[in-house]
Amino acid sequence: MRDASRRAAAHNFIMGTEQKYDSMVDDRGIKLSGGQKQRIAIVCAFLKDASILVLGEATSALSSETEIAIQKSFDELARGRTTLAIERRLSTLRN
């Protein structure tokens with residue numbers, strides 16, 4: 001979990017919460033920002049390790065700085081699997 005969180009650039013904000021990795025989040029993630037929700041979804045994708053990956057606006061709520069930080073993670077995540085990415089940001093699809 002920690003490794004996947006680091007690769008998805010989620011570890012730092014998780015460690016900033018009071019309960020850290022033991023934090024409870026409701027089913028809608030109301031306490032999380034849009035970018036935090038997306039990073040948690042990326043963590044889940046790393047953990048699932050499915051043979052097909054579908055990314056729909058995976059970086060739309062992320063700042064440019066955070067997007068750059070997880071760009072390498074997407075390269076790793078897509079390696080060896082069929083990947084369909086739907087994005088508005090050309091920078092996300094470049095690789």
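## Helix 3 and its surroundings

Gln 38 is in contact (heavy atoms within 4.5 Å) with Glu 57, Ala 58, Thr 59, Ser 60, Ala 61 and Leu 62, leaving aside its neighbours within four places in sequence. Gln 38 sits in helix 3, residues 34-48. Helices (H or I, at least four residues) and strands (E, at least two) are DSSP runs, numbered from the N terminus.

This is a predicted model: local features need pLDDT of at least 70, side-chain atom pairs count only at pLDDT 80 or more, and totals for chains, interfaces and linings use all residues. Residues are numbered from 1 along each chain as its sequence is written, and side-chain values use heavy atoms, with hydrogens and water left out.

Three residues can be set side by side. Buried means under 20% relative accessible area, exposed over 50%, and partly exposed in between (1.4 Å probe, protein chains only).

| Residue | Place | Relative accessible area |
|---|---|---|
| Gln 38 | helix 3 | 14%, buried |
| Phe 46 | helix 3 | 9%, buried |
| Met 1 | segment before helix 1 (2-7) | 57%, exposed |

Now the helix pair. The axes of helix 3 and helix 4 (residues 64-78) come within 11 Å and cross at roughly 20°. Axes are lines fitted to C-alpha atoms, for helices over the stretch in contact; angles run from 0 to 180 degrees between N-to-C directions. The two helices, helix 3 and helix 4, are therefore roughly parallel, the class for angles under 35 degrees. Arg 39, Ile 42, Ala 45 and Phe 46 of helix 3 make the contact with Thr 66, Ile 70, Ser 73, Phe 74, Glu 76 and Leu 77 of helix 4.

Phe 46 also reaches beyond helix 4. Not counting residues up to four places away in sequence, Phe 46 touches Ala 4, Arg 7, Ala 8, Ser 73, Glu 76 and Leu 77. Phe 46 and Met 1 are 45 residues apart in sequence, yet 9.0 Å apart in space, C-alpha to C-alpha. Met 1 and Leu 47 are 46 residues apart in sequence and 7.3 Å apart in space, again C-alpha to C-alpha. Met 1 is in contact with Tyr 21, Val 43 and Leu 47, its neighbours within four places in sequence aside.

The largest nonpolar core has 16 residues. Such a core is a set of buried Ala, Val, Leu, Ile, Met, Phe, Trp, Tyr and Cys residues joined through side-chain atoms within 4.5 Å. Ile 42, Phe 46, Phe 74 and Leu 77 have the most contacts inside this core. Helix 3 gives the most to the core, with four residues.

Conventions:
Parallel < 35°, antiparallel > 145°, perpendicular 65-115°, else oblique.
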